[in-house]
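Dear colleague,

I am handing over the structure we spoke about, and below it I have set out what was found on going through it. Please read the notes with the coordinates open beside them.

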Amino acid sequence: MKLSILYTKSFFVENLSLFATATCVKKVPYLEASSRNKKTQDLFALFQYSKKGVNPVYEIEYIICYLAFVKMTQKTLTDFFQNSNVDERIEEEQDESDSFEECDVGIVKDFAYYQDLIKKKAEIKNFAKVIINKNASAVSWTYFGTLVVGKKPVLTGYTFCKICLEESSILKRFAKSTSTSNHISHLKNVHNIPITNKAAEKSLATTSKVLQAYSSKCSKFGNARRLAEMCCIDLQPFNIVEREGFRKYVSYFDSSLDFPTSKTLATQALDDVYQFYLEKVKTELKYAKYLTLVLDLWSDKYKKLSYINIKVHFCQDFQMKHFSLMTSHFPKPHDNIAITKQVQNCLQNFNVLHKCTNAVTDGGSNIVCSLKKQCIARYNCLAHSMHLFIVHDILKNPEFAILDNVITKLKCIFKTLRYKGEELSELQQLKGIANVCDLITQIYEVDNTNETDENFHIADLEAELEEATKLKTFQGLKNSVATRWNSLLRMIRSFSQNIDLINIMLLNVCTETPMVIPIMEKSLLLEFEKFLSIFEEATIHLQGQDYATFPSCIYFLETILSKFNEYEIEASFEININLYSFAKEHFYSRFKITKAHVVAALMDPCQKNWNILEKYIKKIPKNSVEDNYVLGEDFEEHMSKEELIYSQIRKFGISKTSSEEEDEPPRKREKISNNRQKMIDFVKRTSNYLSNDNVSHEITKYFEIPVEITESLDWWKEHIKLFPRVGELANIYFGIPATSASSEIAFSYAGSCITEKRSRLNPSTVRKQLFVHDNYKSVN
């Protein structure tokens, strides 16, 4: 017979007997049979709880007190207190006792016990499962049911989430008396499964009217939704409605306003606002044809929780559009299987799974492998490539170790002078005053001379004096961030503009070992700053989201190469000459030009007749290849630019546009059979009905039209009727961004949402607030 004995942490030993007064501390299984090892195990457990000072009263739901008398020999007791491997023996014996059959016994187990057991036995198929009640009427009950462990129902007073158990081996329980609203909230917040009931549909309809109306007065329900939207747009905490200053300010406009509570804003109101924006985004994506994915991973600063951001970009009627699908908590593992599952679930929720044909990401192996499995053409983020070219290919090269050492030195100086901003600002003011006095003295001396040629010199000095009297404030030093492009350039600029002041401050602060920047290192930094500035213009332009950036990739890469040649001649140090030479030699090993880059450049009316594009077209084989085919050596048999555009039009099946079809007079059509209609549809899908003469004539005419100085999107809006097929192709390639900057921006906003004071925000609240924030401008 097995009993459940409750031991207390207080015990005493007297006359070789251990008297344990059971109060409500911990359940320990006890065998009544003469099993000396089991009795020893009971004593071990009791002693361990006494040592640790454990008082897990909270784990016990029903307290039954017993008085247990456990007798042991003197030898066993001595071994117990003196054995150094007691903890290991306990673990071994407990592991042996945790068997599959242990679930079948009639012992009352608590919730924590089953949670630990299921995690240990997670690899055993069907060891634990949730049985759904098929007779339940509500849709939410298809995800919740009774927990069965070892073929027997357990914890029958609760219902458990089937998805949590199957995907994460986690027990999420609800009381049997709970309402379906709690189930629906759990499915929405944790699993992102949209299930609505009549009450939710009514609330969403009212929210839609409130947020789209411009009337000043509103009900308490409407005020809560508007305030929740405001908190999302400005990334404000929801308890702002309970702050005295906010309430006083609002009372100036409406003293009778009934404020909702912060809990209402963070739960019901936020859910309604999130659902409103979710439906708006789905409506926008409904009419999109070709989408480009941008995704990345990020961890917050405080709880180190991982998040995944998924965005889509596309060009519709030559207007750039982008939407954030999620910035959601993404638990480990972060392998390609988990990423694939997350991406596909997200795309299915928005009904765009088969519309995503391209992706722009960094070079993370898990993301690259995931996209390859999904047969999505991937392109490298050009800004990440430039950043890695500088940080890894150049600075980690032993040939340029001196540059790396100087930059490491700047980072050390930044740590030393991080909080010396006021002192540096005062030094700058004194230096400015000294310069003014010096200029005034020079002007006075020149003015007293009799030489008339000095009048021009006086004018220059007066101009310098006017500039010097504008005493500038110290802008502060900046540090480099390893994962952020252009941050190294900003750090060097902040130092190079104030090196004299920094050296003075370092001499005052570091009295033992002064760490100053000598003239040689200053000149080296200025040269390297010039080198980094070559990439700045490209990264700033290519991270834009409101204009087509993909067609400009080849242009900026060619510009960078031309500047390498120009600055190499002007370089004064040998290391800088070697730097430009190395950059030219290894440039294309980091920057991969693909077939899609060439096609996109040809779609830009300003680049369509650019001679440099011809050298890239020669690298594309005549036989059909994928868009993300990386260009290598020249091919003897290659396509012309007209043939390249024609092949892409056939690939995407672009035929007559809807505007052309509307111009045709209606024709009387005879009724045909279903089989005949199926055959016609199949033939249309497998071979494009394109007249070679019409398409070729349109492509030739496009390349012959004179180049106009205008934005590419504006040009195509005016000429789409002249070149409908080529324009449709341009719409596809213009929708691909050159960088994954949109995900980086989303994570920057996520960092503003998850602050030190809001570090315990529920991940589902973060997801909803960021979704509204990221899509507010795009939707409106």
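His-773 is a convenient place to begin, since with a relative accessible area of 14% it falls under the 20% limit and therefore counts as buried. Please keep in mind throughout that this is a predicted model. His-773 sits in helix H32, which covers residues 763-779, and once its neighbours within four places in sequence are set aside, its contacts are Cys-232, Ile-233, Leu-235 and Tyr-749.

The interior

The largest nonpolar core comprises 101 residues, and those with the most contacts inside it are Phe-528, Phe-531, Phe-535, Phe-564 and Val-598. Helix H19 gives the most to this core, namely nine residues. A further core of 49 residues lies apart from it, and its members include Cys-232, Ile-310, Val-312 and Val-779. As general background, nonpolar side chains in soluble globular proteins tend to be buried together.

To return to Val-598, its contacts, leaving out neighbours within four places in sequence, are Ile-554, Ile-593, Tyr-616, Ile-617, Ile-620, Leu-631 and Leu-644.

Helix H20 (residues 553-570) allows a simple check of geometry: its 18 residues, at 1.5 Å a residue, should span 26 Å, and because its end C-alpha atoms are 26 Å apart, the model agrees with that expectation. The buried residues of H20 are Cys-553, Ile-554, Phe-556, Leu-557, Glu-558, Ile-560, Leu-561, Phe-564, Tyr-567 and Glu-568, a list in which two glutamates, Glu-558 and Glu-568, appear. The cover over these buried residues includes helices H13 (382-394), H19 (519-542), H21 (574-585), H22 (587-590), H23 (595-602) and H24 (612-617).

Ile-407, in helix H14 (residues 401-416), has a relative accessible area of 4% and is therefore buried. Beyond its neighbours within four places in sequence, Ile-407 is in contact with Leu-395, Leu-488, Met-491 and Phe-528. Although Ile-407 and Leu-488 are 81 residues apart along the chain, their C-alpha atoms are separated by 8.6 Å.

Backbone points to inspect

Which residues join through a cis peptide bond? They are Lys-332 and Pro-333, with omega at about 5°, and Pro-333 lies in the loop between strand E13 (319-329) and helix H11 (336-349).

Positive phi values in residues other than glycine also deserve a look. Cys-375 has phi near 60° and is found in the loop between helix H12 (365-373) and strand E15 (377-380), where its relative accessibility of 71% is over the 50% limit, so that Cys-375 counts as exposed. Asn-486 has phi near 70° and belongs to the loop between helix H16 (454-468) and helix H17 (487-496), but this residue is buried, because its relative accessible area is 13%, under the 20% limit.

The surface

Tyr-249, Tyr-252 and Phe-253 together make up a nonpolar patch on the surface, with about 450 Å² of accessible area between them. Of these, Tyr-252 is placed in the loop between helix H9 (244-251) and helix H10 (262-286), and at 59% relative accessibility, which is over 50%, Tyr-252 therefore counts as exposed.

With kind regards

How values were computed
Residues numbered from 1 in each chain as written. Predicted model: local features only at pLDDT ≥ 70, side-chain atom pairs only at ≥ 80, totals over all residues. Heavy atoms only, no water. Helix = DSSP H or I, 4+ residues; strand = E, 2+ residues; numbered from the N terminus. Buried < 20%, exposed > 50% of the residue type's maximum accessible area, 1.4 Å probe, protein only. Contact = heavy atoms within 4.5 Å. Patch = residues over 30% accessible without salt bridge, like charges linked within 9 Å, V, L, I, M, F, W, Y side chains within 5 Å. Areas by Shrake-Rupley, 256 points an atom, 1.4 Å probe, with all protein chains shown as cover. Salt bridge = Lys/Arg side-chain N within 4 Å of Asp/Glu carboxyl O. Expected span 1.5 Å × (residues − 1). Core = buried A, V, L, I, M, F, W, Y, C linked by side-chain atoms within 4.5 Å.
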